[in-house]
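Student: Please take a close look at one part of this structure, the shell of residues around the ligand. I am new to this structure, so a connected account would help.

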Amino acid sequence: MRNYYDIVVIGGGIVGVFATLDLALRGASVLLLERRRICSGTSGRSHGMLHSGARYATTDPKAAEECIRENRILSEMAPHCIRDVGGFFVSVNPGEEEYHRPLLSSCRMAGIPSREVDVDLPRTLEPHITPNARSAILVPDKVVYARDLAFSALLMALTRGASVVEGAFVERIQIEGGQVTGVEASSPSGVFKIRCRGVVNAAGPWCGEVARRAGLSVEVIPAAGVMGVANANLTRHIINRMRPPSDGDILVPYAAGATIAGTTAKLAEDLDRLGVGEEDAEILLQECGEVVPALRAIGFSRLCTSVRPLIAKNVGETDLREMTRSFEVIDHSEEGARGFVTAVGGKLTTGRLIAEKAVNTIAPHLGIPTGSFTEKIRLDPPSREEAKGIEEAIEAGEVVGPLKTMIHESLEMIDGERYWSLLLPLVFSKRVGERL
Ligand SMILES: Cc1cc2nc3c(=O)[nH]c(=O)nc-3n(C[C@H](O)[C@H](O)[C@H](O)COP(=O)(O)OP(=O)(O)OC[C@H]3O[C@@H](n4cnc5c(N)ncnc54)[C@H](O)[C@@H]3O)c2cc1C
């Protein structure tokens with residue numbers, strides 16, 4: 001590995017991976033450092049939903065608009081990572097039925113294509129929905145395979161000269177004379193230092209911790225969420241309860257034989273030691289079971305949890321459900337750290353957009369162009385020539401970690417582009433399904 005890069009990206013979640021790709025497309029030399037494995041943080045443990053934005057339309061219109069915009073962009077960019085299953089909002093009691101009109105008009109105001117449908121439609125298409133269903137709205141919610149998306153973006157970044165190291169824990173960000181000059185990281189083979197002119201802090205819920213390693217302060221509100229996996233095909237569409245965001249309000253038909261019910265929201269005390277209690281499972285079974293009663297009979301085979309990196313809109317805000325699902329990009333220049341940018345908050349759905357804003361913020365410091373470099377790309381498989389280039393980069397030590405094996409396997413599969421869209425999801429999504 002070289003000892004100088006223009007910029008180091010910290011954190012291999014969806015934001016860090018897209019920031020790496022974006023920087024590489026702008027011609028910067030970029031190194032991504034991930035303390036564990038790519039997508040081992042929140043991104044690899046999400047609900048798997050490419051939001052239409054409808055979930056946030058009434059309470060958080062900015063986040064809703066960001067979601068629908070990115071829903072369209074990612075659907076064009078990476079169709080092999082997305083299943084267009086569609087989503088229903090279903091009311092099951094008079095209170096929820098009252099939410100029907102405000103939801104519909106908020107969706108329209110946010111530009112979310114939403115259609116009021118006869119409740120017989122979800123009842124016919126979804127035999128497990130309660131007969132008590134009273135009204136329904138159809139929205140373009142989709143399933144997204146986060147690891148596949150990140151992996152595809154990373155492969156493209158590698159074809160543009162990016163480097164990536166898994167198992168590299170960033171210990172310190174060096175700042176001299178008010179300017180970022182390097183980072184120090186520890187890995188199984190020892191401590192190493194990289195000189196650089198810029199750092200993107202994309203450490204998700206750990207953004208505050210990483211900022212402290214540069215002597216800076218970033219407030220992140222860590223909201224842990226629990227999801228339950230039921231080994232059954234309970235629905236064909238994503239099913240949302242017709243009410244403002246709340247515990248146990250979404251069921252996702254994630255993969256064959258796996259429905260994910262979620263989520264809950266509780267302040268995480270220790271980011272690296274998350275507990276899952278029986279009471280979490282109870283809440284999910286109760287709330288999701290009111291719309292799909294068969295869930296209660298089947299129960300969960302597994303529970304999993306991860307942490308949302310949230311930002312508070314107002315000082316003193318404490319309600320985790322009311323906090324915005326939009327994001328913030330912080331330029332730390334004025335705090336004496338030129339070239340240090342933090343990107344925090346948002347959703348898996350909006351990770352590309354967050355990365356783009358972060359890169360546009362750091363670009364003037366690096367003398368690279370601003371603009372939109374990832375909005376119109378297609379994450380197609382590398383050409384044979386590019387695949388050869390990636391193999392050479394691996395040989396030269398520009399890719400470090402178990403990721404290498406995954407890349408070798410996928411490049412072996414690329415024996416003609418037409419196999420890509422068929423094989424990649426089969427191989428990688430299945431693994432995701434197993435891991436969840
Ligand atoms: C339960 C739950 C369900 C969700 N479901 C959805 C959903 O269905 N759809 C949706 O759009 N959004 C969903 N979200 C939100 C979404 O998953 C997150 O907002 C998003 O994945 C955050 O991505 P990120 O890249 O910022 O953070 P992360 O994915 O957490 O990435 C940060 C990375 O930084 C690394 N890191 C930390 N410290 C260091 C260090 N010192 N050195 C090196 N690396 C470091 C971590 O290991 C991690 O991999 C969900 C969130 C939760 C909690």
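Tutor: By class, the shell around the ligand holds 16 nonpolar, 20 polar and 5 charged residues. The model is a predicted one, and the shell is described here as that model gives it. There are 41 residues around the ligand, and those that come nearest are Gly11, Gly13, Gly41, Gly204 and Gly225. Two or more residues of the shell come from each of these elements: the helix α1 (14-25) and the strands β2 (30-34), β10 (169-176), β14 (221-230) and β19 (302-310). The largest share belongs to β19, which gives 4 residues.

The next point is where the ligand sits with respect to the domains. The domain assignment of the protein gives two, each made of separate segments: domain 1 covers 7-42 + 147-219 + 324-435, and domain 2 covers 83-142 + 221-310. Since both domain 1 and domain 2 give residues to the shell, the ligand lies between them. The C-alpha centres of domain 1 and domain 2 are 31 Å apart.

The two domains also touch one another. Here 9 residues of domain 1 are in contact with 10 residues of domain 2. On the domain 1 side, β21 (340-345) and α12 (420-435) supply at least two residues each. That side of domain 1 has 4 nonpolar and 5 polar residues, and no charged ones.

One strand can be followed in more detail, namely β5, residues 87-91. Of its 5 residues, 5 are buried, so β5 is largely enclosed by the rest of the structure. Gly87, Phe89 and Ser91 point one way from β5, while Phe88 and Val90 point the other way, and all of them are buried.

β5 has strand partners as well. With β7 (residues 135-139) it runs antiparallel, and 5 bridges join the two strands. In this pairing Val90 stands opposite Ala136 of β7. With β15 (residues 238-241) the pairing of β5 is parallel and extends over 4 bridges. There Val90 stands opposite Arg241 of β15. Val90 therefore serves as a reference point when tracing β5 on screen: Ala136 in β7 is opposite Val90, and Arg241 in β15 is opposite Val90 too.

To return to the part you asked about, the shell draws residues from domain 1 and domain 2, so the ligand lies between these domains, and Gly11, Gly13, Gly41, Gly204 and Gly225 are the residues that come nearest.

How values were computed. Residues numbered from 1 in each chain as written. Predicted model: local features only at pLDDT ≥ 70, side-chain atom pairs only at ≥ 80, totals over all residues. Near = placed C-beta within 6 Å. Nonpolar A, V, L, I, M, F, W, Y, C, P; charged D, E, K, R; others polar. Domains from an automatic or database assignment. Buried ≥ 20, exposed ≤ 12 C-beta atoms within 10 Å, placed from the backbone. Pairing = 2+ DSSP bridges. Contact = placed C-beta atoms within 7 Å.
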